[in-house]
Amino acid sequence: MLHEPPPCRFCPEYLKHLIVTELDSVWAVLDKHPVTEGHHLIIPKRHVSDWFSMTEKERRDADELIRILQSRIRAADSSVAGFNIGMNCGEAAGQTVFHAHIHLIPRRSGDTPSPRGGVRGVIPDKMSYPSSCGS
């Protein structure tokens, strides 16, 4: 007996009502479990597993949508002082929904005691640099 894969919660039939903005091949939604206020996900409309499987057009559209959202977020919230942009590709990298999605996470001064290292924090022991190194 064949089992159907579970439905993809990032495909159109499950996500349409959450879309905040879109471009031709991608859309954006607010993250259901935000790291900070204004945390968005940029998602290809086509079901594709990760960044490496996205088309050039999907990557270009995602890049442009990230720029649009960044501008809107900064205009609406003057406390935003930076952003993290990240994507998990594969289970070993922490991907849990296997439909490509890019996180755009607004950052505010003081939102964590020591933001140094940023995305390097995916491996906590590697987040900090030796004092003689830069980012």
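Q: Why does K16 count as exposed?
A: K16 comes out at 59% relative accessibility. The label goes by relative accessible area: exposed is over 50%, buried is under 20%, and partly exposed is in between (1.4 Å probe, protein chains only). K16 is at 59%, so it counts as exposed. You'll find K16 in the loop between α1 and β1; helices (H or I, at least four residues) and strands (E, at least two) are DSSP runs, numbered from the N terminus. K16 and K45 sit 29 residues apart in sequence and 10.0 Å apart in space, C-alpha to C-alpha.

Q: What sort of model is this?
A: It's a predicted model, where local features need pLDDT of at least 70 and side-chain atom pairs count only at pLDDT 80 or more, while totals for chains, interfaces and linings use all residues. Residues are numbered from 1 along each chain as its sequence is written, and side-chain values use heavy atoms, with hydrogens and water left out.

Q: What makes E22 partly exposed?
A: The relative accessible area of E22 is 44%, so E22 lands in the partly exposed class. E22 belongs to strand β1. Skipping residues up to four places away in sequence, E22 touches W27, K45 and L65; contact here is heavy atoms within 4.5 Å. P44 is 22 residues from E22 in sequence, with 9.6 Å between their C-alpha atoms.

Q: And why is V20 called partly exposed?
A: V20 has a relative accessible area of 43%, so the partly exposed label fits here too. V20 is found in strand β1. Residues up to four places away in sequence don't count, and what V20 touches is then A28, V29, L30 and H40. H103 is 83 residues away from V20 in sequence, at 14 Å C-alpha to C-alpha.

Q: How do you know that β1 and β2 pair?
A: Two strands pair if DSSP finds at least two bridges between them. Strand β1 (residues 19–22) has three bridges to β2, and the two run antiparallel. One of the partnerships is T21 with A28. A hairpin of three residues makes the link between β1 and β2.

Q: What about β2 and strand β3 (residues 40–44)?
A: Five bridges join β2 to β3, again antiparallel. In β3, L41 is the bridge partner of V29.

Q: Why is strand β2 (residues 26–30) said to be largely enclosed?
A: Four of its five residues are buried, so the rest of the structure largely encloses β2. Over the whole protein, 35% of the 135 residues count as buried.

Q: What makes the largest nonpolar core a core, and which residues have the most contacts inside it?
A: A nonpolar core is a set of buried Ala, Val, Leu, Ile, Met, Phe, Trp, Tyr and Cys residues joined through side-chain atoms within 4.5 Å. The largest one has 14 residues, and I42, A62, L65, L69 and L104 have the most contacts inside it. β2, α2 (56–76) and β5 each give two or more residues to this core, and α2 gives the most, with five. Leaving aside neighbours within four places in sequence, A62 is in contact with V26, I42, M54 and I102. Another core, of nine residues, lies apart from this one; F10, C11, L41 and V97 are among them.

Q: What makes the largest pocket a pocket, and what is its volume?
A: On a 1 Å grid over the protein atoms alone, a pocket is an open set of points where a 1.4 Å probe fits, with protein on both sides within 12 Å along at least five of seven lines; lining residues have an atom within 4 Å of a point. The largest pocket has a volume of about 940 Å³, meaning the space filled by probe spheres set on the points, which are joined across faces, edges and corners. It is lined by 37 residues, and D31, V35, H39, N88 and H103 are the closest to its centre. Elements giving two or more residues to the lining are α1 (12–15), β2, β4 (80–86) and β5 (102–108).

Q: Which pattern does the protein follow along the sequence?
A: The pattern reads α-β-β-β-α-β-β, from two helices and five strands. The C-alpha atoms fill a box of roughly 55 × 40 × 25 Å along the principal axes. Among contacts between residues at least 6 apart in sequence, 51% join residues at least 24 apart.
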